[in-house]
Every structure is written in structure tokens, then in C-alpha cells.
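Here are a few notes to read alongside the structure, for anyone opening it for the first time. Have the viewer ready and go through the points in order.

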Amino acid sequence: MTNVSPDTMTETDHGAQGGPGRKKRARASVSRERRNAAAQWAFVVPALIYIALFFAYPVIKNLVMSFQDYTASSFYTGEAPLVGFSNYVTVLSGDQFFPTLRNSLVFTVGSIVGQFSLGLLAAVFFRRRFPLSTFLRSLLLLPWLLPVIVATALWRSLMDQDSGAINTVLNALGLIDTGIPWLSSPSIALLSVIIVNIWIGIPFNVAILYGGLQDIPDELYEAASLDGAGPWRSFRSITWPLLRPTVTVVMLLGVIYTLRSLDVVLGLTRGGPANSTQTLPTLSYFQSFQQFEFGQGAATSNILIVIAFVFALFYLRTSRRDITA
Amino acid sequence: MHRAFLARPARDTIIGVLILAVMLFPVYWMVNLSLQSSGSNLASSFFPTSIHLDGYRTALSDQSINLLTSVLVSLGSVALTLVVAIPASYALAQFRLRGVNAVLLILAVTQMIPGIVVANALYSAYNSLGILNNIVSLIFADASHSIPFAILLIRTSMQAIPMSVLEAARLDGAGRFKTLRSVAVPVARNGVITGALFAFLFTWSDFVFALTLTTTEAVRPITLGIYNYLGADQADWSAIMATSVLASIPAIALLIVAQRFIAAGASGGAVK
């Protein structure tokens with residue numbers, strides 16, 4: 001590290017002491033302060049420009065597009081007439097919207113309940129100290145680190161109706177006679193997509209919940225066990241209350257990431273069969289990039305943003321009240 | 001108390017291995033299938049008794065160029081992420097700026113914006129600028145997966161640098177930028193490395209921009225290569241699985257050689 005001798009530490013003030021110079025010096029230091037602030041903000045400016053171009057601009061552009069008749073021909077003619085709320089009316093009155101909204105909610109709630117409860121169990125388990133625990137806990141991250149498209153490819157092979165490993169095993173165990181149409185039956189496909197998304201999401205839940213558990217002091221558990229508390233009792237009176245802030249974060253992020261996820265559904269089922277796994281992001285994708293109704297796709301994705309924001313505000317408010325109460 | 005539970009650690013290790021075996025079975029199965037003979041057949045023995053490399057041959061002849069595209073885009077995104085995130089995280093951690101909280105709030109809010117919203121608008125903008133199917137413009141879009149995350153993550157390690165260390169450098173006559181480069185970044189290098197690794201993995205896994213901002217085969221990341229394989233009428237499973245194995249190499253390799261950083265990033269950036 002750099003060496004500092006005492007005499008280099010006096011370059012802070014060059015001005016004369018006292019007298020009429022004081023006022024001038026005060027003004028000079030104000031302007032130096034401003035220059036300082038400007039020079040300091042310069043470090044943040046690239047990030048702000050990036051956010052303006054790749055987050056703020058798209059959100060505004062998307063909002064504007066949702067009020068335009070924006071189709072493939074708009075790209076050639078450069079014309080996209082304003083049409084008021086007609087895209088929203090088309091989207092909301094279409095046959096697909098409410099089944100899609102329902103799918104999105106079932107997909108999100110199912111994924112989060114599964115990821116969170118299994119993730120919490122695993123995190124509590126890995127809090128114990130045993131040989132290889134750190135190594136095994138790190139390996140557990142793998143499903144989350146793989147590209148989601150890779151995860152969907154390998155689950156499509158596992159869930160194949162005729163020769164997939166899952167049906168082969170169930171068949172060999174005598175549990176089924178004919179293969180379960182995991183991804184090809186409209187009544188099962190959404191459940192299968194949820195199962196895959198739980199598998200993808202468990203590692204993330206374990207990682208964050210484990211971090212939260214690490215912050216709970218061991219002495220609390222020791223004191224509780226001296227008082228005769230069993231594992232369930234100490235979980236309820238120590239782990240759960242102290243883990244609440246972490247739970248808030250993991251739930252909030254989980255819901256937002258799941259609501260907006262596109263690749264799990266597209267990779268596994270492309271929204272089918274018979275739209276049974278269509279969610280808001282995939283519907284928006286199909287409207288924009290398959291039907292070239294960019295205005296409708298924008299409207300659908302704006303509805304998605306509103307749902308995410310309303311959920312986040314509502315959730316943060318209620319959980320903050322719970323924590324402070 | 002310890003004596004009474006002497007056998008427990010061993011039992012816990014066995015349970016832990018079983019949990020891992022269940023969770024990682026699909027990954028094992030991917031490798032297993034990738035070594036089967038080519039074709040649409042999925043029925044296979046539990047171990048690859050006879051090893052076939054047909055899948056890898058097909059994968060490499062179809063997807064080599066896409067793998068290369070993914071490598072270039074991911075490295076570009078790492079560079080862009082670091083250039084933008086390092087100074088920002090330093091300023092947000094160490095300078096007493098008014099408005100730091102507003103910037104942090106903005107960064108948190110960016111996490112709530114769905115990729116399809118960004119893709120919808122960027123497609124239209126890129127199209128009018130004529131920069132669809134372009135590696136550089138794809139890099140800029142993909143960095144949106146990692147820049148806010150990296151700023152928050154690197155900021156945490158920048159906050160841990162003692163004020164006195166930075167002041168010492170400043171008083172030695174180093175400017176703010178030089179202090180950042182020669183003092184702050186080396187001291188906070190763990191955070192910087194973690195941010196870089198995750199920028200790579202996030203971009204490597206990107207699907208939404210690969211799907212929407214490329215329309216020809218000119219610039220086609222590997223995720224889209226796999227997606228197109230999956231859409232074929234007759235799936236060639238050994239080729240799909242071989243490509244999936246190749247596309248999993250970064251995640252697996254980093255989990256082995258950089259486990260410490262990956263574990264830190266998984267629990268760090270999201271919470272703080």
C-alpha cells in the first residue's frame with residue numbers, strides 16, 4: 001500500500017488565514033465543492049446513460065407503442081397511428097387473455113411455493129456442519145447456473161411421453177401402464193412446467209436463505225435447547241422470525257423473476273398444447289414477434305409490469321408491517 | 001453433547017449426497033444421452049456402455065459458429081459491464097453524493113422490468129437503426145442482464161474498503177480515477193471478479209434478446225441454436241444433448257474453478 005508521510009497531508013488548504021480573504025475563500029470552497037460533486041457524479045454518469053437507454057427508453061417506448069397501431073408495416077412506412085386504448089381493448093377482450101393471466105398466476109404461485117419450501121428445507125439442512133457440506137451446497141447451484149434453455153432441453157428429454165426417463169422409471173416400478181403425457185396434455189403441461197421451474201429455482205432460494213440463516217447467532221439455538229426447546233419449537237420461535245427479512249427478499253425477487261420468465265415456457269412447450277401453458281410474457285412475445293402486432297404485444301407486457309409493481313408495493317407494505325409489528 | 005451426536009455428521013453427509021444426486025440427476029442424464037448413438041431414440045441404458053460421439057460431431061458441425069458467437073458476446077458483455085459498473089459502484093460506495101439512494105432505488109426498479117418489454121422496444125429501435133443481427137448491439141442489450149446486478153454487487157465490496165486507504169492514495173497525489181484503478185479495484189477485486197463471472201454467465205444464458213434481436217443466422221447465440229434444434233420435427237436427441245453439454249461448460253467450469261466467487265455472488269448481489 002502507499003506510504004503517507006505527515007508532511008504530504010497538509011496540501012488541503014492554500015488560502016490565507018482570516019481577514020477579508022475569508023469570504024472569498026468560502027465562495028471558492030463552495031465552487032470547489034460543486035466541481036467536486038460534478039467530478040464525482042462523472043463516475044456514475046455512464047451507468048445512468050446506460051439505464052436511460054436500455055431501461056427507461058424501452059419502458060417509455062413500449063408505453064407509446066401500446067397506444068399505436070404498430071405492426072410489421074410500420075417498420076417500412078414509418079407510420080404507426082395513435083389509436084388510444086384500442087390495443088388494450090383488443091388484448092383484454094381476446095379469448096386468450098384471462099386464461100393466460102390465470103396460467104401466469106398459477107405458474108408463479110406454484111413455482112414460488114415449491115421453490116421456497118424445498119429451498120428452505122435444504123437451507124436449514126445445510127446449516128448443519130458435516131463433511132463436504134460446503135462443497136455439496138455449492139454444487140447445488142448448478143441447475144440455476146445452467147442456461148434455462150439447456151434446462152428445458154434436458155427436461156424435455158426426461159419428460160418425453162414414449163421413451164423419457166421419468167415414464168420409463170415409473171413404468172418399471174409398475175406405477176403406470178401408459179406413459180404420462182407430461183408436456184403434451186393440456187391438463188398436465190402447466191404442472192410439468194411448474195415442476196421444471198421449481199428445479200431451476202431451488203438453488204437460488206437455498207443460496208439466499210442459507211445466507212440469512214448464517215446471520216442468526218448460534219447462541220440463540222444453544223439457549224433454546226438448554227430451555228428444552230425441540231427443533232420445531234426453535235424453528236418457529238428463532239429461525240422463522242429472524243429470517244423474515246430474508247424471506248421478504250427471496251419471495252419478492254422470486255415472484256418478479258417468475259412472472260416475467262419467458263424461456264422456461266418457450267423452451268418446454270412454446271405456450272402449448274392448446275395455449276395451456278401460455279403466460280403473459282409468452283403471449284406478449286407471440287403477439288409482437290409472431291403476429292407482428294407490436295402494439296398489442298406492448299399492451300400485454302405493460303399489463304405485466306403493472307401486475308409486478310402492484311405486487312411489489314403491496315407485498316413490501318404488508319411484510320414491513322409484519323416485521324415491525 | 002457432541003459425543004451423543006458423533007454419528008450425525010456422517011449421516012448428514014449421506015443425506016446431502018442423496019439430495020445432490022436427485023437434484024443433479026437431470027444433468028447426469030444429459031451427459032449420458034449425449035453419448036448415445038444418434039437419432040430420436042431416448043431409451044438408453046443407465047450408463048453409456050458404448051460411447052458414441054455422433055452427437056458431438058453433429059453439434060460441432062451445426063453449432064460451432066453459434067458457440068463462438070456466444071463466447072464473443074459474453075466476453076463483450078463482461079467488458080461493458082465492468083467499464084460501466086466499476087466506477088458507478090465505487091462512487092455509490094465511497095463518495096458522499098446526494099441522490100445515492102435514488103440511484104440505488106432506480107437500480108432495484110430495473111430488476112422489475114421484464115426482458116420482453118426491453119426486447120419489444122429495442123427490436124423496433126434496432127430495426128430502424130439497421131443494427132439487428134449485430135454482435136455489438138446484442139452485447140449492449142445483453143449487458144442489461146448484468147449491469148444493475150454488478151453495480152450492487154461490486155458496491156458491497158467497495159464499501160468494505162477503509163476510507164483511510166483511499167485517502168492515503170489521494171493525499172499521495174493520485175486523482176480520483178487513479179485511486180479507483182490502482183487502489184480500490186485491487187482491494188475490492190473479489191467483488192469485481194464475481195461481477196465479471198456473473199456477467200459472463202447471464203449473457204451466456206441470455207435467451208430473450210437472442211430470440212428477438214437476431215433474425216438471421218449471421219449472429220446466433222448458442223441458446224437460440226438449441227431452441228431451434230428443439231423446434232425440429234424429428235428431434236435428434238444426441239445432438240441436442242451434446243450441444244446442451246457444450247453450452248453447460250461455462251457454468252460447470254466456473255462452479256469448479258471459481259466456486260468461492262460463484263457462491264458469494266449467488267447470495268450477495270441480490271440481497272444487498
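**Helix packing and a cavity**

1. Start in chain A, with helices H5(A) and H12(A), which are oblique to each other. Keep in mind that this is a predicted model. H5 covers residues 97-126 of chain A and H12 covers residues 231-259 of chain A; the two pack at an angle of about 140°, and their axes are 10 Å apart. That angle falls outside the roughly antiparallel class, which takes angles over 145 degrees, and so the pair counts as oblique. As for handedness, H5(A) and H12(A) make a right-handed crossing.

2. Who does the touching here? On the H5(A) side, look for Phe107(A), Thr108(A), Ser111(A), Ile112(A), Phe116(A), Leu120(A) and Val124(A). H12(A) answers with a list that includes Phe235(A), Trp240(A), Leu243(A), Met251(A) and Gly254(A). Sorted by class, the contact of H5(A) with H12(A) has 13 nonpolar residues, four polar ones and no charged ones.

3. Now hop over to chain B and find H2(B) and H12(B), the latter spanning residues 237-257 of chain B. Their axes come within 8 Å and cross at roughly 50°. With that angle, H2(B) and H12(B) are therefore oblique to each other. The crossing of H2(B) and H12(B) is right-handed.

4. Which residues of H2(B) meet H12(B)? They are Gly55(B), Tyr56(B), Thr58(B), Ala59(B), Leu60(B), Gln63(B) and Leu67(B). Across from them in H12(B) sit Ser238(B), Ala239(B), Ala242(B), Thr243(B), Val245(B) and Leu246(B). The class tally for the contact of H2(B) with H12(B) is eight nonpolar, five polar and no charged residues.

5. Stay with chain B for the empty space. How many cavities of 30 Å³ or more are there? The count comes to one, and the largest cavity holds about 30 Å³ of space. Its lining is made up of Ser70(B), Val73(B), Ser74(B), Asp142(B), Thr203(B), Trp204(B), Asp206(B) and Pro221(B).

6. Helix H2 (54-94) of chain B turns up again here: H2(B) and helix H9 (189-205) of chain B each supply at least two residues of the lining of the largest cavity. H2(B) gives the most, with three residues. By class, this lining has three nonpolar, three polar and two charged residues. Among the lining residues to pick out in the viewer are Asp142(B) and Asp206(B), which belong to the charged class.

Note on methods: Residues numbered from 1 in each chain as written. Chains lettered and ligands numbered in written order. Predicted model: local features only at pLDDT ≥ 70, side-chain atom pairs only at ≥ 80, totals over all residues. Heavy atoms only, no water. Axes fitted to C-alpha atoms, helices over the stretch in contact; angles between N-to-C directions. Helix = DSSP H or I, 4+ residues; strand = E, 2+ residues; numbered from the N terminus. Parallel < 35°, antiparallel > 145°, perpendicular 65-115°, else oblique. Left-handed = near helix turned anticlockwise from the far one by under 90°. Contact = heavy atoms within 4.5 Å. 1 Å grid on protein atoms, 1.4 Å probe; cavity = no way out; pocket = protein on both sides within 12 Å on 5 of 7 lines; lining within 4 Å. Points joined across faces, edges and corners; volume = space filled by probe spheres on them.
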